[in-house]
Amino acid sequence: MRVMLAITLLLVSLSSSAQDVDPSTGLIKNPGWEIIKANCSACHSLNLVTSNRGNREEWLTTIRWMQETQKLWQFDPKTEDTILNYLAQSYPATKQNRRRPIPNHLLPQ
Ligand code: HEC
């Protein structure tokens, strides 16, 4: 009985922690990952993508910044939605990389 329990626990923990990662790009294979592969690897390594974290808004800010200053092309609304869903789901914000708010005395008056 104990052995059965141990095996069951092992299988449960394996299936819940395993994330399917594409070996050639390092991208987590959530829906839309091929769109990331096609659109986000032209100018820099996809490591830059997979090592960053953010909520949907933060990812959108990064994309707008690249569009305004780094010649990233525009996406049609559906593609942009897929990209943002993928990024926010696969590389979500973590508490550790949240910046603290800037204290009032350091803000411009
Ligand atoms: C047209 C070129 C181009 C494309 C395509 C591109 N980027 Fe970038 N991106 C850049 C440049 C340039 C930088 C700055 C690189 C550096 O600092 O070394 C950058 C930086 C980044 C950063 C780091 C931002 C930071 O705050 O440090 C992330 C994350 C990122 N890109 C994600 C993406 C994602 C996601 C896509 C696809 C939707 C993408 N990039 C497509 C040009 C591009």
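Six donors around a metal count as octahedral if opposite donors are over 155 degrees apart and all others between 65 and 115. The exercises below use this rule and a few others on a predicted model.

**Exercise 1.** Find which residues coordinate the iron atom of the ligand, and work out what arrangement the six donor atoms have.

Solution.
- Step 1. The residues are H44, through NE2, and M66, through SD, at 2.0 Å.
- Step 2. The six donor atoms around the iron subtend angles of 87 to 179°, so the arrangement is octahedral.
- Step 3. For comparison, ideal angles for six octahedral donors are 90 or 180 degrees.

**Exercise 2.** Locate H44 and M66 in the chain, then decide for H44 and for M66 whether the residue is buried or partly exposed.

Solution.
- Step 1. H44 sits in the loop between α2 (33-39) and α3 (47-50), while M66 belongs to helix α4 (residues 56-69); the two are 22 residues apart, and the pair links distant parts of the chain.
- Step 2. Buried means under 20% relative accessible area, exposed over 50%, and partly exposed in between.
- Step 3. H44 has a relative accessible area of 28%, so H44 is partly exposed.
- Step 4. M66 has 17%, so M66 is buried.

**Exercise 3.** Identify the two salt bridges of the structure and state which helices they connect.

Solution.
- Step 1. One salt bridge joins the side chains of R56 and D81, with N to O at 2.7 Å.
- Step 2. R56 is in helix α4 and D81 in helix α5, so this pair ties together parts 25 residues apart in sequence.
- Step 3. The other is formed by E80 and R64, whose closest N and O atoms are 2.9 Å apart.
- Step 4. Here E80 is in helix α5 and R64 in helix α4, 16 residues apart.
- Step 5. Turn to accessibility. R56, at 34%, is partly exposed, and D81, at 36%, is partly exposed. R64 is partly exposed at 31%, whereas E80 is buried at 15%.

**Exercise 4.** Classify the one aromatic pair found in the whole structure.

Solution.
- Step 1. The pair consists of Y86 and Y91, with ring centres 6.0 Å apart.
- Step 2. Planes over 60 degrees apart count as edge-to-face.
- Step 3. The planes of Y86 and Y91 stand at 65°, so the pair is edge-to-face.
- Step 4. Both Y86 and Y91 are buried.

**Exercise 5.** Name the residues that make the nonpolar surface patch, and describe L107.

Solution.
- Step 1. I102, L106 and L107 make the patch, of about 290 Å².
- Step 2. L107 lies in the segment after α5 (77-90).
- Step 3. With a relative accessible area of 37%, L107 is partly exposed.

Conventions
Residues numbered from 1 in each chain as written. Predicted model: local features only at pLDDT ≥ 70, side-chain atom pairs only at ≥ 80, totals over all residues. Heavy atoms only, no water. Donors = N, O, S within 2.8 Å, 3.2 Å for Na, K, Ca; no water. Tetrahedral: all angles 85-135°; square planar, octahedral: opposite > 155°, others 65-115°. Helix = DSSP H or I, 4+ residues; strand = E, 2+ residues; numbered from the N terminus. Buried < 20%, exposed > 50% of the residue type's maximum accessible area, 1.4 Å probe, protein only. Phe/Tyr/Trp six-rings, centres within 6.5 Å; stacked < 30°, edge-to-face > 60°. Patch = residues over 30% accessible without salt bridge, like charges linked within 9 Å, V, L, I, M, F, W, Y side chains within 5 Å. Areas by Shrake-Rupley, 256 points an atom, 1.4 Å probe, with all protein chains shown as cover. Salt bridge = Lys/Arg side-chain N within 4 Å of Asp/Glu carboxyl O.
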